[in-house]
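Let's take a friendly walk through this fold, one piece at a time. Keep the structure open beside you as you read.

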Amino acid sequence: MGSKGDCKTNQRKPRFLCLHGFRTSGAIMKKQIFDKWPTQVVDKLDLVFVDAPFPSQGKSEVEGIFDPPYYEWFQFNKEFTEYENFDKCLEYIEECMIKHGPFDGLLGFSQGAILSGALSGLQAKEVGLTNASRIKYLIIIGGAKFQNKSVAEKAYSSAITCPSVHFLGEKDYLKKYGIELLESCVDPVVIHHPKGHTIPRFDEKGLESMLSFIQKVQAEINTEQV
């Protein structure tokens with residue numbers, strides 16, 4: 001499900017594992033990104049889309065817009081402070097990273113973005129993904145911090161130092177929590193958009209920021225190869 005390297009320059013494209021939103025799917029996320037993002041962005045990335053490990057245990061908000069099946073990464077209470085199957089979720093993501101990797105980073109939306117923003121810290125603390133390649137870059141769309149104290153202490157006790165780009169929607173109900181996540185990151189790139197909790201299209205400024213981020217990542221990973 002990934003795209004190949006750039007034959008013209010013989011440079012490897014940055015490879016990202018894509019984690020979809022709550023009660024959607026890898027296919028839905030792929031459609032959302034490829035429908036909304038221009039080819040000058042998606043053609044520069046090697047994106048791999050997978051489904052979350054658990055079939056949806058309730059109604060999906062995309063029902064009637066996108067066809068099922070729908071999946072979820074883990075289950076949580078109304079306050080987002082208690083989680084079920086979280087450890088199994090981490091094990092599953094590690095399996096995906098080993099099976100489809102190695103990866104340079106994670107790209108996540110919504111529940112997938114919350115996971116992506118925490119996984120580099122959890123990996124650094126050797127709480128999860130200990131057998132997977134190190135997460136070096138993050139693309140966070142509609143993200144937030146985990147509210148469970150135990151998970152948060154492990155994930156955010158140290159600053160998130162890997163380069164990251166964060167999409168913040170003006171009308172996103174998670175915006176203030178997304179800003180909290182930003183405050184845990186070192187020199188994050190922020191792309192603002194006027195929409196709500198969605199994968200947005202780019203305006204001119206946002207596109208420039210994204211292309212600059214991708215260029216930086218590509219330069220770094222190809223320097224490593226030499």
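The sections below go from the annotated domain to the sheet, then to the helices.

## The model and its annotated domain

Please keep in mind that this is a predicted model. An unreviewed UniProt entry places the feature "domain: Serine hydrolase" at residues 12–203. Within that span, 31% is helix and 20% is strand. If you look for its two ends, you will find their C-alpha atoms 27 Å apart.

## The sheet

Six strands build an open sheet, and their order is S2-S1-S7-S8-S9-S10. The pairing is parallel. At the edges sit strand S2 (46–49) and S10, each of which pairs on one side only. On average, neighbouring strands of this sheet are turned by 20 degrees against each other, direction ignored. As a general reminder, strands of a sheet pair through backbone hydrogen bonds, either parallel or antiparallel.

Two of the strand pairs are worth tracing on screen. Strand S1 (residues 15–19) and strand S7 (residues 105–109) run parallel and are joined by four bridges. Here leucine 19 has glycine 108 in S7 as its bridge partner. Strand S9 (residues 164–169) and strand S10 (residues 189–193) also run parallel, with five bridges joining them. In this pair, glycine 169 stands opposite histidine 193 in S10.

## Helices on the sheet

Helix H1 (residues 26–36) lies across S1, S2 and S7. The direction of H1 is at about 145 degrees to S2. H6 packs on the sheet too, where it touches strand S8 (137–141), S9 and S10. The direction of H6 makes about 160 degrees with that of S9.

How do S9, helix H6 and S10 fit together as a unit? Helix H6 (residues 175–182) joins with S9 and S10 to make a β-α-β unit, and this unit is right-handed.

## Where two helices meet

Now turn to helix H4 (residues 111–124) and helix H5 (residues 149–156). These helices pack at an angle of about 70 degrees, and their axes are 7 Å apart. Because of that angle, H4 is roughly perpendicular to H5.

Which residues make this contact? From H4 come Gly117, Ala118, Gly121 and Leu122, and they meet Val151, Lys154, Ala155 and Tyr156 in H5. Sorted by character, the residues of the contact of H4 with H5 are five nonpolar, two polar and one charged.

Notes:
Residues numbered from 1 in each chain as written. Predicted model: local features only at pLDDT ≥ 70, side-chain atom pairs only at ≥ 80, totals over all residues. Heavy atoms only, no water. Axes fitted to C-alpha atoms, helices over the stretch in contact; angles between N-to-C directions. Parallel < 35°, antiparallel > 145°, perpendicular 65-115°, else oblique. Contact = heavy atoms within 4.5 Å. Nonpolar A, V, L, I, M, F, W, Y, C, P; charged D, E, K, R; others polar. UniProt positions renumbered as here; feature names shortened; annotations may be inferred. Pairing = 2+ DSSP bridges. Right-handed = clockwise from strand over helix to strand, strands pointing away.
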